[in-house]
Amino acid sequence: MQGELTGKVAVVHGGSGAIGGAVARAFAREGARVFVAARGRERLDATVAAIAAAGGSAEADCVDALDEAAVEAHADRVAARAGGIDLAFNAVGFVHVQGVPLAELSLADFELPVHRYIRSQYLIARAAARHMRAGGAIVSLVTPVARMTGPGYLGHCVACAGVEALSRHMAGELGARGIRTVCLRSHAIPETLQHGSHAREVFQPQADAAGMSLDEMMRGAAESTLLKRLPSLDEIARAAVYAASDRAASMTGAILNLTSGVLLD
C-alpha cells in the first residue's frame, strides 16, 4: 500500500464480480473511499466486508447498470455523501458469443451485446462525469476482440470498439475539466472462472464444443500469447490503480494492453 488514492472518492460498478471486486479492494488499499455497485447484494456485501476487514472504507448499493434513472440516482447519492466523485471504474461487461457466422446471425443476437455493453458504459461514465472533480479519471474495461476477427464474436467486437471510441471521445470533451479517461484492454483471466461468474457461462460452451476442459482451454489461450501466460486479477487491479492515480496524470484517451502480447499497440 502506497496511499496513492488517499482522499479520493471512487465508484466501482460491477463490484460484485471477480474483476470489479479486485479493483474495489485495490482502490481501498490505496486509501480511496469506495462505493461499489452491482445488481447482486450478497457478493456486494462480501466485497465491502473484505475491504472493511483490511481497514478500508467501502459502501454498497444495488444498481442495475442498464437503468438510466438508477445509475443517475446512485451517482447523486455518492456525490451527496462524499462531496463529489474522483474515480469511476466500470467492470460491467457483457460477452455474448453467438457462435454463428454473419450470414446466420440474427439482428437480436447482434444487438444484445452492443446495447448492454455500450449502454452501461455510457450511463455510468455520464453520471460520474456530472459530479467528477478536476484530476478525476474514468477507467473502463474491454477485451481485445475489438481488434480481432472470427465467427461468433461480432456483436461483442462492435461493442468493445464502441467503448474504446466512447473513452476517446470523453477524453477530448472532459480534458478541459482536468478529467482523464483510460481503457484497460484485458485478455481472459483464469481466476474469473472460479468466481461463479459470467465468464464461465461464456467459455464453458466453447470448451465443450472443442472437446476440452476449461483449464485446457485457458492453457491453450496462454500458449497463444507472446508471453505464454494470461493476466491475473491482481495485475488488472494494479493497472487500474495506476490509471486512476496521479502517476498517470498525463495519460488520457489511452488504452493499456494487458493481453500478454495478443495485441501489440
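In this predicted model, helix 1 (residues 18-29) and helix 8 (residues 233-244) bring their axes within 9 Å and cross at roughly 50°. Helix 1 and helix 8 are therefore oblique to each other. The crossing of helix 1 past helix 8 is right-handed. From helix 1, the contact draws on A18, I19, A22, V23, A26, F27 and R29. From helix 8, it draws on L233, D234, I236, A237, A240, V241 and A244. Sorted by class, this contact of helix 1 with helix 8 has 12 nonpolar residues, two charged ones and no polar ones.

Now turn to a second helix pair. Two packed helices are described by the angle between their axes and the distance between the axes. For helix 4 and helix 5, the angle is about 20° and the axes lie 7 Å apart. An angle under 35 degrees counts as roughly parallel, so helix 4 is roughly parallel to helix 5. Their crossing is right-handed. Helix 4 brings F110, P113, V114, Y117, I118, Q121, Y122, A125 and A129 to the contact. Helix 5 answers with L154, G155, H156, V158, A159, C160, G162, V163, L166, M170 and L174. By class, the contact of helix 4 with helix 5 has 16 nonpolar and four polar residues, and no charged residues.

The helix 4 and helix 5 pair leads on to a pocket. Which elements give two or more residues to the lining of the second largest pocket? They are helix 4 (107-129) and helix 5 (154-174). Helix 5 gives the largest share, five residues. The full lining is Y122, A125, R126, A129, R130, L166, H169, M170, E173, L174 and R177. Several of these names have already appeared: Y122, A125 and A129 of helix 4 are in the contact with helix 5, as are L166, M170 and L174 of helix 5. The space in the second largest pocket is about 180 Å³. Its lining has six nonpolar, one polar and four charged residues. The helix 4 and helix 5 contact, by comparison, has no charged residues.

Next come the enclosed spaces. Rolling a probe the size of a water molecule over the atoms shows where empty space is left. How many cavities of 30 Å³ or more does the structure hold? There are two.

The largest cavity has a volume of about 50 Å³. V11, H13, V71, H74, A75, I85, A88, I124, A127 and A128 line it. At least two lining residues come from each of strand 1 (9-13), helix 3 (68-82), strand 4 (85-90) and helix 4. By class, the lining of the largest cavity has eight nonpolar residues, two polar residues and no charged residues.

The second largest cavity has a volume of about 30 Å³. Its lining is made up of A88, F89, N90, Q121, I124, A125, I138, V139 and S140. Strand 4, helix 4 and strand 5 (132-142) are the elements that give two or more residues to this lining. Six of the lining residues are nonpolar, three are polar and none is charged. A88 and I124 line both the largest cavity and the second largest cavity.

Helix 4 ties these sites together. It packs against helix 5. It gives residues to the lining of the second largest pocket. It also supplies lining residues to the largest cavity and to the second largest cavity. A125 shows the overlap at one residue: A125 is in the helix 4 and helix 5 contact, lines the second largest pocket and lines the second largest cavity.

How values were computed. Residues are numbered from 1 along each chain as its sequence is written. This is a predicted model: local features need pLDDT of at least 70, side-chain atom pairs count only at pLDDT 80 or more; totals for chains, interfaces and linings use all residues. Side-chain values use heavy atoms; hydrogens and water are left out. Axes are lines fitted to C-alpha atoms, for helices over the stretch in contact, and angles run from 0 to 180 degrees between N-to-C directions. Helices (H or I, at least four residues) and strands (E, at least two) are DSSP runs, numbered from the N terminus. Angles under 35 degrees count as roughly parallel, over 145 as roughly antiparallel, 65 to 115 as roughly perpendicular and the rest as oblique. A crossing is left-handed if the near helix is turned anticlockwise from the far one by less than a right angle, and right-handed if clockwise. Contact means heavy atoms within 4.5 Å. Ala, Val, Leu, Ile, Met, Phe, Trp, Tyr, Cys and Pro count as nonpolar, Asp, Glu, Lys and Arg as charged, and the others, Gly among them, as polar. On a 1 Å grid over the protein atoms alone, a cavity is a set of points where a 1.4 Å probe fits but cannot get out, and a pocket is an open set with protein on both sides within 12 Å along at least five of seven lines; lining residues have an atom within 4 Å of a point. Grid points are joined across faces, edges and corners, and a volume is the space filled by probe spheres set on the points.
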